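What follows is a walk through one protein model, from its buried interior to one of its pockets. Please keep the coordinates open while reading.

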Amino acid sequence: GGNPPLPCDAFLPTSCSNPTDPITSSPSQTPSSSPTGIVIHAQPTSELSSQDECTPQDDFSTCGNNPLEYFIDSNQGNDDNDGSTIEAPIKSISRAIEIANINPSSAIIFNLSGGYYGEFGLGPWTNPFAQRTSSESWIQFIASTSPDGNNPVIFNHVKINFAGTTECRVLLRGVRIVGTAPGSSNDNNAIDIKTSSHVRIHECVINPENLDVWTVYSKMPQGLLTRRASNIIMSSSEIYGGRYGIVLGGIGRYIQIIDCNIHHQFGDAIRVVSVENVLIKGNHIHHVADYQNTGEHIDGIQFFPSGPSGQYYYPQSHNVQIMDNLITDMVGQMIFIQANYIDKIGYMENITVANNILGPK
């Protein structure tokens, strides 16, 4: 059984322009003539359509041909095994990363048997990781059981964090995430991706419902957080609860949230801060409300710039497509797009909002 390998790459050429980084660049001082600070279109414009090379797309190519294949079983495995057969699986994610590091140019599939695997961590603080050397050298971790079944593949949390941007090319498919880890801003995240690129989350479930921190406003529990990350896709996944379902921020680019079920947050379902080239498409956002009675500002999808960072400002979001989403059964704003600091960083541009269904509230 198990799921077949999934096409991974929906990503864009490196020739696309990078967003302004407030640490290295001065802010723009030339605002456009828009009185609102936002250039917004009811339908995709010809300008956007003609720039496919710089626009997120949802037609994925491949993760690599002739992948190496290994098996992991947290209950019956042994890291002294070579893992090449289902009869002799390895046991841990750490051992899997060691195997991947030996083959940085090869596509690899790790088939995971149902069980608890603890933290999925990539970074110098946990599992040293060799950057992939080929565009097809994806590492796929594929659950052999359903995340909603009796014996799911369970991670406590996912943390991918490097000191400098690292091309990971890692896919997680069909796993259940039941915990969080502390972030760097008093937040607690089920999936935390920072200064990393090329990560895909597919058919996963985030639901730390039995975790006390998941319902504490001041602990800022979040399903997915990205910061200074690029080429990130979350697709066909579910996020249940938390203060924020998804937070995309900190100079991110080329990020896609596609066909996800995001619900029962007590803040925002999707919160986007200073990110460019973003596609939010085909998601169902529902039952978002101030369940903790904190007076939280509630949004289904919110875009805004984060403001000053030292002597510089984070940029406005650019090249955004919000399309084909269904937003129902919530209080507050369903789609909220806001441009601040326009005298410092100019205006939001190329914001497409099309074919969304809003309501009933």
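Two strands are taken to pair if DSSP finds at least two bridges between them. In this predicted model, strand E3 (residues 108-112) and strand E6 run parallel and are joined by five bridges, and within that pairing Ile 108 stands opposite Ile 139 in E6.

Strand E6 (residues 139-143) deserves a closer look. Five of its five residues are buried, so the strand is largely enclosed by the rest of the structure. In a regular strand the side chains alternate between the two faces of the sheet. Both faces of E6 are covered, since Ile 139, Phe 141 and Ala 143 on one side are buried, as are Gln 140 and Ile 142 on the other.

Phe 141 leads from this strand into the nonpolar interior. Leaving aside residues up to four places away in sequence, Phe 141 touches a set of residues that includes Ile 72, Ile 93, Phe 110, Leu 112, Phe 120 and Val 170. The largest nonpolar core has 68 residues, and Phe 141 is among those with the most contacts inside it, together with Phe 120, Phe 155, Met 234, Ile 257 and Phe 303. Strand E8 (residues 157-173) gives the most to this core, with six residues.

Turning to empty space, the second largest pocket has a volume of about 280 Å³. Its lining comprises 17 residues, of which Leu 225, Arg 227, Val 247, Gly 249 and Val 273 lie nearest the centre. Strands E13 (221-227), E16 (244-249) and E19 (268-273) are the elements that give two or more residues to this lining, and E13 gives the most, with four. By character, the lining residues divide into seven nonpolar, six polar and four charged.

Key:
Residues are numbered from 1 along each chain as its sequence is written. This is a predicted model: local features need pLDDT of at least 70, side-chain atom pairs count only at pLDDT 80 or more; totals for chains, interfaces and linings use all residues. Side-chain values use heavy atoms; hydrogens and water are left out. On a 1 Å grid over the protein atoms alone, a cavity is a set of points where a 1.4 Å probe fits but cannot get out, and a pocket is an open set with protein on both sides within 12 Å along at least five of seven lines; lining residues have an atom within 4 Å of a point. Grid points are joined across faces, edges and corners, and a volume is the space filled by probe spheres set on the points. Ala, Val, Leu, Ile, Met, Phe, Trp, Tyr, Cys and Pro count as nonpolar, Asp, Glu, Lys and Arg as charged, and the others, Gly among them, as polar. A nonpolar core is a set of buried Ala, Val, Leu, Ile, Met, Phe, Trp, Tyr and Cys residues joined through side-chain atoms within 4.5 Å. Buried means under 20% relative accessible area, exposed over 50%, partly exposed in between (1.4 Å probe, protein chains only). Contact means heavy atoms within 4.5 Å.
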